[in-house]
Amino acid sequence: MPEKRVYLFREGAADQRDLLGGKGANLCEMTNIGLPVPPGFTITTDVCREFYEEGERLPEGLMSDVRAAMSDVERDLDKKLGGSGQGMPLLVSVRSGSKFSMPGMMDTILNLGLNEETLQGLIAASGDARFAWDSYRRFIMMFSDVVLGVSKHRFDDVFRAYKEEKGAKLDTDLSAEDLKHISGVFLSMVDNFPTDPWKQLELAIDAVFRSWNNERAIVYRRSEKIPDDIGTAVTVQAMVFGNMGEDCGTGVAFTRDPSTGEKALYGEYLMNAQGEDVVAGVRTPVPISHMATQNPAVYKEFIGICDALESHYKDMMDVEFTVEKGRLFMLQCRAGKRTGPAAVRAAVEMVAERLIGKEMAIQRVTASHLDQLLHPRIDEKSLGSGPIATGLAASPGAAVGKAVFDSDTAAKLGAEGEKVVLIRDETNPDDVHGMLASQGILTARGGKTSHAAVVARGFGIPCVAGCEAINVDERNRRLTVDGVTIQEGELISLDGSTGKVYAGEVALIAPEVSGHFGELMAWCDEARRLGVRANADNPRDAEQAIEFGAEGIGLCRTEHMFFERDRLPVVQQMILAKDESVRQGALDQLLIHQQHDFEGIFEVMDGKPVTIRLIDPPLHEFLPSYDELLVQVTELRVTARHDPGHDMADAIEAKEELLLAVEGMREANPMLGLRGVRLSILFPGIVEMQTKAILQAAVEVKKRGIDPQPEIMIPLVGHVNELKVVREQLEKVAETVLAHSGHQISYKFGTMIEIPRAALTAKEIAQYAEFFSFGTNDLTQTTFGYSRDDAEGKFLGKYVEDKILPVNPFETIDFDGVGKLMRMCVEDGRSVNPVLKLGICGEHGGDPESIYFCHDLGLDYVSCSPFRVPIARLAAAQAAVKDKVKVVVDR
C-alpha cells in the first residue's frame, strides 16, 4: 500500500508528474507560486495501479483518505460537500490526469455534489435559479454518461428536440423553468441515479480510474508510445462557475500561437458557459483578445499569469481558466501541443529571449515535429468528411493524385505531368519506376518496413501500407472499401503521417522550412558527436541528402541501379548467359552504366565518404516471377491448342526456357540463400565489375578536381574466410585499375554486420575490414528468426499489442538481443582494430530511440534515408545533451 494516497494541492510540486499526473502536479505548482487556483487534491497514480491489481476495485481505506482531504477543502472555502440549507454547497470536478497529456482520452465529471437539496442551497446562495438548474442538467448528463453508461448522445437528442420545440437557438435562450423540466426528463432516463454526494464521488473516482483502459485511451497510448502501466491520477477540485451570468465565463488559451509559434496569446473563451461548451462547440467562442475590451481588468490579470507561467515553466503553456463573478481562476496548465513549425520557432525564439539554452531547445523539438516541416500535410480544417480507410503510417507526408493501379501507367502519367497515387496489393522491385513517378503510394498488404514503405521513405514519397480494409482490384482497375469505389483516374488523398486515406481531393499545407529550422540544425550539429550520413543510390538522392545536411553516404545499394528499365534486360542477359563471352559482354555494358552512376554520386559528395554495398539480393529477383511465367506458358499452350494454324512454337519454347532458368534459381528461403558475399564467391565477375566501376569512376572525377572517398562494402559475411577471399580478389582489381590510371585513390574495404555469427566473431573479421556497418534489418531478422514481411503482415502487430514485445523490432532496435550482439561486436572489433570505423545503415538509422542507443554504443555515424537526415541530426544532438538538461516531455 502506498505511504500517501492523496495530496492536497499545497503538498505537491511540478516534479511529481509520475505520482500526481501532469494535471495534478501542475495544479500543485500553480498553487505554490501563488496563482488563483480553486483548492483540491489529487489521488495518485499508485492508487490507479492498486485499483487494477485488486480487480478494478477502489482500495480499502481510500475513501477515508478522500474524506480527510475534502475536510481541508471544506475548511478552506467554508462550504460542505452535500451541505444543505441556504449556504453555497461545495461542488467539485473529478478529472483524470496521467504523466503524459492525453487530451480527451479519459473522463471528467463537473458539478458533482448536486441533488435536490444542494440544488436549493445553490439557488439560494447564488440568487440565480437558471444557473443552478443549468448546472444540474449538465451534471446529470455527464455523470450518467461517464459513470452509469447512459450515452451522452441520448441526452443531447432530447435536449436538441426540446430547444427546437421552444424555438431556442442557444442553450442560454432557455429559462430556469425550461432547464428544470429538462433535468426532470434526464433523471427519468436513468435508473437509480445516486443522490448522496459521497456516493457520487466514490462512483466518479472509480469511473475515472476505469477510463484509463477505455478503447480511445488505449489506442492513443499505443499511437503515442505511452506505457500502459503508468496509470492515471484523479484530481478532485472545488468548482468555480463560468455559467452564473454575463460576468462569468470560461476559456482555453496558449501563451504562444500553437500553429506558428509566434509570441502572441492565442485562445478562445465564452461568457456565461462551462468548460465543455468551449470544447464541444455548442456555442461559437470568441478570440481571447476580445476580453481586453469586455473585461479589461481580468484580461490584464490573465496576461500577467500567462507571462508568469511561461517564465516559470520555460515553455509554451496551454491553460484553462474560469471567470466567476469577475474573479479569475486557473484550472489547469500544461506544456502546449504544437505543430512542427511552431515547435521549432518557439524553441529558437526562446533561446533568443534567454528563457532557455540551446541544449533545452534541442530537446524541445521531436522527430514528428521535423517530419511536419519536411513534408506536405493535410489541412485538417478543410476536411469535409472522415477517412475511408486507415492503414499503417509508413512514410510521412500527404499526397493527392489520380488513382492508378500499375507502375507502367503511373510512370507514363507521371512523365506527362499528371499527379498520381499508385495503389497496389503490395509492391515489388519491378514497381520502382512507377513509385518514383507517384505523389503517394497505397498498399493493401505489407508493414512499415515492407518494400513499399522502405522505398517510399528512401525517396521521400508519402506512403500508407498494410491498409487491409481496402480491396484492390487490379484487373478492373478500382479500389473498394465499405461501399466506396474509386475507379482509376479518380482523385484520392492519403496521409503517410497518420495512415489515413480519403476519397477525392483534400487541401494540403506546404512544408515550412524557415530560418528557424536552419538555426536549430546548426545547434544540433554543434552538439552531436555522431556523424549523420544518408542512404542514397543515385545523384538525385545524394543532392537531397546534402541539402538536408548529410555528411556522406552510409549505404549506396548498387542493385537498385540494376532495376532501371534500360538496364534490367542487360542484367537478365548476364544472369541467363550460357557461355562466359555473352556474360562478359553484358557485364561490360553494365560497367559503363555503373561507372556513370558512381561518377555522378562522387561529384555530389565531393570530399565526403561514400559507402557502396556490392550486389546483395539473390539473382532471381532480377528475373520475371516464376508464377507469372507459368501462367504465361500455360496461356500460350492453350492458345496454340485452340488455334493450330498460328505457329507459336518458338514463343512457347522461349518462354519455357526462361521458366526453366527461373525455376533453377528458385530457393526455399532466398533471404538465407545465394546472396551477398556468397554470390560474390560463386559469380565473382559481378563484384569485380562493380569494384572496377567504382575505382574508374573515382579516377575520372579526381581528374576533374573532385575528391572521391569510396568505401566498398561486402555484404552478408558470416565467416571471416568469406571476407578474406573476396577482399583479396577485389584488392587485385582495385590495384590494377589504379596502376593503369596512374592515379592514387584513397579507398576502404569493409563489411556489413547483418548475421549474428559475424557479430560474435568480430575479432577475426575486424582483421580484414577497415569498417563495419550494421545492417540492422537483416540482423534483426536473423537474430529473431523472423521473416520481416511475414512477421509484420501476420503476427508482429499482435505481439506488440499484447506486450509480448515492447516495440516492433524492425522500427526500434531490440536493445536486449540485437543490441547486445552489436555491443559485443563493437567491443571485440575495436579490441583488435582500434581505428575500426563503425556505423549503422539499416532503417533503424533514422529512428530516434535507436540513434540514442548508437550514441551510447560509441558508433561513428548513423545512416538513413535523405528525408530522415534532419531527424537523425536532431536525435544525435539530443543523445549528446540529454545528461546536460532535465526536460519534461509532454507528449
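In which sense do E9 and strand E10 (residues 327–335) pair, and over how many bridges? The pairing of E9 with E10 is antiparallel and extends over eight bridges; two strands are taken to pair if DSSP finds at least two bridges between them. Helices (H or I, at least four residues) and strands (E, at least two) are DSSP runs, numbered from the N terminus. The model is predicted, so local features require pLDDT of at least 70 and side-chain atom pairs pLDDT 80 or more, while totals for chains, interfaces and linings use all residues. Residues are numbered from 1 along each chain as its sequence is written, and side-chain values use heavy atoms, with hydrogens and water left out.

The chain contains 36 helices and 31 strands. Its C-alpha trace spans about 105 × 70 × 50 Å along the principal axes. Of the 891 residues in the chain, 55% are buried, where buried means under 20% relative accessible area, exposed over 50% and partly exposed in between (1.4 Å probe, protein chains only). Among contacts in the chain with a separation of 6 or more, 69% are between residues 24 or more positions apart; contact means heavy atoms within 4.5 Å.

Strand E9 (residues 317–324) has six of its eight residues buried and is therefore largely enclosed by the rest of the structure. In E10, Phe329 stands opposite Thr322. E9 and E10 form a hairpin with two residues between them, and Lys325 in the turn has a positive phi of about 50 degrees. E9 is also joined by six bridges to strand E6 (residues 249–254), and these two strands run antiparallel. Here Phe254 stands opposite Asp318 in E9.

In the N-terminal numbering range, helix H2 (residues 45–53) has Thr45, Val47, Cys48, Glu50 and Phe51 as its buried residues. The cover over these residues includes helix H1 (17–32), strand E2 (40–43), helix H3 (62–77), helix H8 (197–210) and strand E5 (232–238). Gly55, just after H2, takes a positive phi of about 75 degrees.

The axes of helix H5 (residues 129–146) and helix H6 (residues 152–166) come within 8 Å and cross at roughly 150 degrees. H5 is therefore roughly antiparallel to H6. Axes are lines fitted to C-alpha atoms, for helices over the stretch in contact, and angles run from 0 to 180 degrees between N-to-C directions. Angles under 35 degrees count as roughly parallel, over 145 as roughly antiparallel, 65 to 115 as roughly perpendicular and the rest as oblique. Arg137, Met141, Ser144 and Asp145 in H5 meet Lys152, Phe155, Asp156 and Phe159 in H6. The residues of this contact divide into three nonpolar, one polar and four charged; Ala, Val, Leu, Ile, Met, Phe, Trp, Tyr, Cys and Pro count as nonpolar, Asp, Glu, Lys and Arg as charged, and the others, Gly among them, as polar.

An open sheet of eight strands has mixed pairing and the order E12-E22-E21-E14-E15-E16-E17-E13. Strand E12 (389–390) and strand E13 (392–395) stand at the edges with a single partner strand each, so one side of each is left without a neighbour in the sheet. Within the sheet, strand E14 (residues 398–404) and strand E21 (residues 491–495) run antiparallel and are joined by five bridges. Lys402 stands opposite Leu491 in E21. Helix H16 (residues 407–415) lies across E14 and strand E15 (420–424), running at about 175 degrees to E15.

Strand E28 (residues 748–753) is largely enclosed by the rest of the structure, because five of its six residues are buried. Four bridges connect E28 to strand E27 (residues 709–714), and the two run parallel. The bridge partner of Ile712 in E28 is Phe749. E27, helix H28 (residues 720–741) and E28 make a right-handed β-α-β unit; a crossover is right-handed if, with the strands pointing away from the viewer, the path from the first strand over the helix to the second runs clockwise. E28 is further joined to strand E29 (residues 771–774) by three bridges, again in parallel, with Met752 opposite Ser773 in E29.

Positive phi values also occur in loop residues other than glycine. Leu716, in the loop between E27 and H28, has phi near 65 degrees and is buried, with a relative accessible area of 1%. Asn272, in the loop between strand E7 (266–271) and helix H10 (275–280), has phi near 50 degrees and is buried at a relative accessible area of 11%.
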